[in-house]
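Could you walk me through this structure and explain the labels you attach to it? I'd like the reasoning behind each one.

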Amino acid sequence: MRDTPDPVRPERRHPHPSPDARQRADAAFDVVVVGGGHAGVEAALAAARLGARVALCTFRLDLIGEMSCNPAIGGLGKGQLAREIDALGGAMGRAIDATGIQFRMLNTAKGHAVQAPRAQADRHRYREEITRIVRAADGVELFAGGVRGLSIEDGVVRGVFLQDGALLAAPAVVLTTGTFLRAVMHTGETRESGGRVGEASCDGLSGELLRLGLPLGRLKTGTPPRLASEGIAWDRLDEQRGDAQPSPFSFATELQSFPRLPQIACHVTYTNERCHEIIRANIHRAPMYAGRIDGVGPRYCPSVEDKVMRFQDRDRHQIFLEPEGLDTDVVYVNGLSTSLPGEIQEAFLREVEGLEHARFLRHGYAVEYDFVQPAALDPTLHVRAVRGLFLAGQINGTSGYEEAGAQGLVAGANAALWGRDAAPFVLERHEAYIGVLVDDLVVSNPTEPYRMFSSRAEYRLMLRQDDADRRLTPLAHAIGLATDEALDRLRRRERDIAAWRARLDAVRTQGEGSTTLTHRLRRPDMGIDDLIAEHAAELEGTARAEDVKRTVEADVKYAGYVDRQRGEVARMRRQESTPIPSDVDFAALTGLRGEAREKLAALRPSTLGAASRIAGVNPPDVALLAVHLERARRAR
Amino acid sequence: MSATTTEAGATTIAAISSPPGPALRGIVRISGPGTADVLGRALVGSDASSWEHTARGVFPARFDDGIGTQPALVFWMPGPHSYTREDVAELHLPGAPPLLDAALARVLELGAAAAAPGEFTRRAFLNGRIDLTRAEGVLELVQATNESERRAAMHLLEGGLDRRMAGLRDALDDLRGLCEASLDFDESDTGHVPEAELSAWMDAIGARLDEALAWEVARQPANALPRILLFGAPNAGKSTLFNALAPEGRALVSDLSGTTRDALAVCIEVAGSPCLLLDTPGLDPDALRVAGPDASAQRLAERERGGADLILWLVAADGTPEARRTEAAALAALPSATRVLRVWSKGDLGARPADDDGRIETAVPAQGPASGLEALHAAIANALGLEGASDAPGAPAAGLQRELFARHRDALVSARREVACAAREIACGTSLDLVAETLRGASHALDRITGRTGAEDLLDRIFARFCIGK
């Protein structure tokens, strides 16, 4: 229940003039999406939901929605993104609900604001489900085969050239080529070209992006080994089951038919000192090992090499053995991504309890690839320097399906909106993790793949996963991203929540120190189910759906804190939303320090808030900028 | 930024722009497009109708505050040739606080909004009143303000608080890092931190905050601007000096003894730091014996002397040795921390006596060439410890230091409150995401000390440093 009004959304404009009527009429498509991964799929679907004619080009039609790494959706920070994608009408939540083989809500003990859903997927079925959704979508046409290059004239995108030289003409192109740009795979000293095992790398586009003057960077990411199920001594390992009462990702999923697939258990085992010794002895053979022992803290541990070297005091690290599906023998070894040589991987895994006789189906490997510095983008993910070109996903230096899907949705929706000269769709930091993601990206120069964490969201108490629909579905519906059905569903849920809140306010406890049930529910040791047990009669008739109960509970418990954050948002709002016109000449601003001037000119933040978050731009610089903008505004 | 500034140009603002407390005259300043309208409706009297056509000027009128009328001297400064570039009016009214309050209330009732601290200056700045040739200088000032704050803080904290702060900040960051890791790494065994460990951290940080606070409080008892008080025999030239020191001199100067009956205060800048300059009635022991306004004025003056940081003792060349002895005795009764600076005035009227008074530190002429005034500024700066007044621009200034002290204390207190609250939350089982939020509040509070605050805060602080109404 929103007691205080939300801060006003700032008005934003696209960085480039929209295509004219003739260009639109001449083109066969409104939006061409290159890449059929998680970003590409959400981009194509979002653009199509907004009525655009979409072409989706991908190397192989049979790999649309492929989970190239971990066969799972969600997790801390990521689960919130997945819920938001769903609230905005995206496909990810529906697909995982249909194909998940284990659902867990993480962090339930640590609070509503940080809990997040995670699900194991049946990798093949997930891909099939995504492919089905894409094929069924109105307005999306599929094209198989690589893209040879972009067609660009005078800094304006005209479309893409397919391998056969044919031009797919469109005023807007969304590139979601993931790790395929000049990708090199490393396994120990072995290097080979390619983004995923068995797939080609699209070098030509990299060169093209460079020629366009886009700043490129290089990142590494890793993937763990895959083992055959049959060689694992399952009976000796601890079992990890899903939630007894699983909750779906999608707000649209009906509980009666959920989960759809049989549920499986994952298993847990641990590395040990013998493994660590082998790793330490061969650390020089691991291309992925960054060598930074006291780096940025225990936030992001990409490889087992890093874990072992950074946390010398730990005698073991957790390993999750996750089946990749119901009908497959492949087991994903989560927590153990590595780029050590194959024989070393085999040697240290043999030391792990339960894996003594495990058979490797594929070794872990690292991928090194180009990405475009996301500072080249505006908050609609439109490349500042090239009219009509949008980028989304790993190409922007991020990691993870959810991060990719979220960007795809933003880029696809905005490509369609821009094409028809409608206002941009940009989420704010206090509205969504997606807002945090995009806002962080467009002022950053990532040195490691950007992964979402709940701690990146300063207003995370306002960004709970349980109410992503309340936050986002109305905004999405207003522009056509979400369906009427989704909005109706939300309205029903809100009615149930409101009825609950009214009842909690109305009913008082008996006896001494009588208080309302609302007050009682605020106690840390009191959950909504405890309250229902205590006051069964008085609470008769309130909705008992899990999602409604959770949201009511969180609303009541978080009210005071959220009010405080709202106040903070309101105070920051002015600065946050003060636009910095794209024609501001930072070099000409007097009084700025050199470093701030350079950073601002290079990163071109679109708001004062974004400017204030750039490392090297200090409060006095932002103050000066504020004064200049205010004076410039008045001079007009 | 205050709401009124958001639509600057559309709103009219007003404030009492004379220093608080009783004084001979008070000033209500109005700025904005509605100024003429406010005046037109509030002024009565013969000349009140013709002023609007005057380009600029001063005219007497009567101000109707809704209860009665007050005599007013109206300074009309139509924009853009005014301080804020907007239409500005100053109403010089009798200095009694209730009358001034009534006048301001009337102005607000007529449609003006109450000005936020420093808002007149902010408007002047934003409206480009400071023209291009000077813009760079001012922008540097804005920047230097922060830089000098930083340096002032460093200087101020020598021997303790800076190290304390750094340690505190690190400890709090570490604690928050632990919480965040615990929140962001559920599955992995690398992140989780037991709650007992978090509690222990909180207790330790709380203790360090307590220590820092105690240290801070012991170090700085007062947080007001430095007070400089003019002292001397009636008619020794205090008002003249007051006017010379105050750029917009407001003391009424007259040759009649006892012109200044109430304490008159104005905010001046010495070596870049704001100070409060107070003028008091001349010392008149006889007046104390007779009940009446003069006696209360003397008692007020005595109180003011007790609270002053620096006393400028004006010794007139034509004064009597007996008067000097009485004054010296009055000064001897002051707390030993009060510094006294003897200022030789009216040098043209007599010979300068020998510097034979124990507590006098320097003697400088109050009049003569401009260099005399400069020397006096330097001597004041020196006496108040506003060092480097002339040779090190941007050096820490006492006023700034006091402001910093006050801010530090506020910040430490709120940080302490938040940490204590977090510890309570942990103890009673509040979920960790909420505890983390409370700790974020503590960080936020400490950010106010280290200057990591938002641009808006900073702007407000910078502009608020100018006295309200200026």
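Below are some questions and answers about this predicted model.

Q: What makes H4(A) oblique to H5(A)?
A: The axes of helix H4 (residues 92–99) and helix H5 (residues 123–136) of chain A cross at roughly 135°. Over 145 would count as roughly antiparallel, and 65 to 115 as roughly perpendicular. The angle fits neither range, so H4(A) is oblique to H5(A). The axes come within 9 Å, and the crossing is right-handed.

Q: Which residues make the contact of H4(A) with H5(A)?
A: From H4(A) you get A:Ala95, A:Ile96, A:Ala98 and A:Thr99, and from H5(A) A:Arg125, A:Tyr126, A:Glu129, A:Ile130 and A:Ile133. By class that's 6 nonpolar, 1 polar and 2 charged.

Q: How do the axes of H3(A) and H12(A) cross, and at what angle?
A: Helix H3 (residues 78–87) and helix H12 (residues 468–479) of chain A cross at roughly 35°, with axes that come within 8 Å. This crossing is right-handed. H3(A) brings A:Arg83, A:Glu84 and A:Ala87 to the contact, and H12(A) brings A:Ala468, A:Asp469, A:Leu472, A:Thr473 and A:Ala476. The classes here are 4 nonpolar, 1 polar and 3 charged.

Q: Why is B:Thr35 called buried?
A: The cut-off is 20 or more other C-beta atoms within 10 Å. B:Thr35 has 26, so B:Thr35 is buried. You'll find B:Thr35 in helix H2 (residues 35–42) of chain B.

Q: What does B:Thr35 touch, leaving out residues up to four places away in sequence?
A: The list is B:Thr12, B:Ile30, B:Asp87, B:Val88 and B:Ala89. As for B:Thr11, it sits 24 residues from B:Thr35 in sequence, and their C-alpha atoms are 9.7 Å apart.

Q: How do you know that strand S11 of chain B is mostly covered?
A: Count its residues: 7 of the 7 in S11(B) (residues 310–316) are buried. In a regular strand, side chains alternate between the two faces of the sheet. One side of S11(B) has B:Leu310, B:Leu312, B:Leu314 and B:Ala316, the other has B:Ile311, B:Trp313 and B:Val315, and all are buried. Both faces are covered, then.

Q: What makes S8(B) and S11(B) a pair?
A: Pairing takes at least two bridges. Strand S8 (residues 227–232) of chain B is joined to S11(B) by 5, so the two strands pair, and they run parallel. B:Ile228 stands opposite B:Leu310.

Q: And how many bridges does S11(B) share with S12(B)?
A: There are 7, again in the parallel sense, with strand S12 (residues 339–345) of chain B. In that strand, B:Arg342 is the bridge partner of B:Trp313.

Q: Which strands of the sheet S12-S11-S20-S13 in chain A are called edge strands, and why?
A: This is an open sheet of 4 strands with antiparallel pairing. S12 (190–193) and S13 (216–223) are the edge strands: each pairs on one side only. On average, neighbouring strands are turned by 25° against each other, direction ignored.

Q: How do you know that S11(A) pairs with S20(A)?
A: Two bridges would do. Strand S11 (residues 184–187) and strand S20 (residues 365–372) of chain A have 3, so they pair, running antiparallel. A:Val184 has A:Glu368 as its bridge partner in S20(A).

Notes. Residues are numbered from 1 along each chain as its sequence is written. Chains are lettered from A and ligands numbered from 1 in the order in which they are written. This is a predicted model: local features need pLDDT of at least 70, side-chain atom pairs count only at pLDDT 80 or more; totals for chains, interfaces and linings use all residues. Axes are lines fitted to C-alpha atoms, for helices over the stretch in contact, and angles run from 0 to 180 degrees between N-to-C directions. Angles under 35 degrees count as roughly parallel, over 145 as roughly antiparallel, 65 to 115 as roughly perpendicular and the rest as oblique. A crossing is left-handed if the near helix is turned anticlockwise from the far one by less than a right angle, and right-handed if clockwise. Two residues are in contact if their C-beta atoms, placed from the backbone, lie within 7 Å. Ala, Val, Leu, Ile, Met, Phe, Trp, Tyr, Cys and Pro count as nonpolar, Asp, Glu, Lys and Arg as charged, and the others, Gly among them, as polar. A residue is buried if 20 or more other C-beta atoms lie within 10 Å of its own, exposed if 12 or fewer, and partly exposed in between; C-beta atoms are placed from the backbone.
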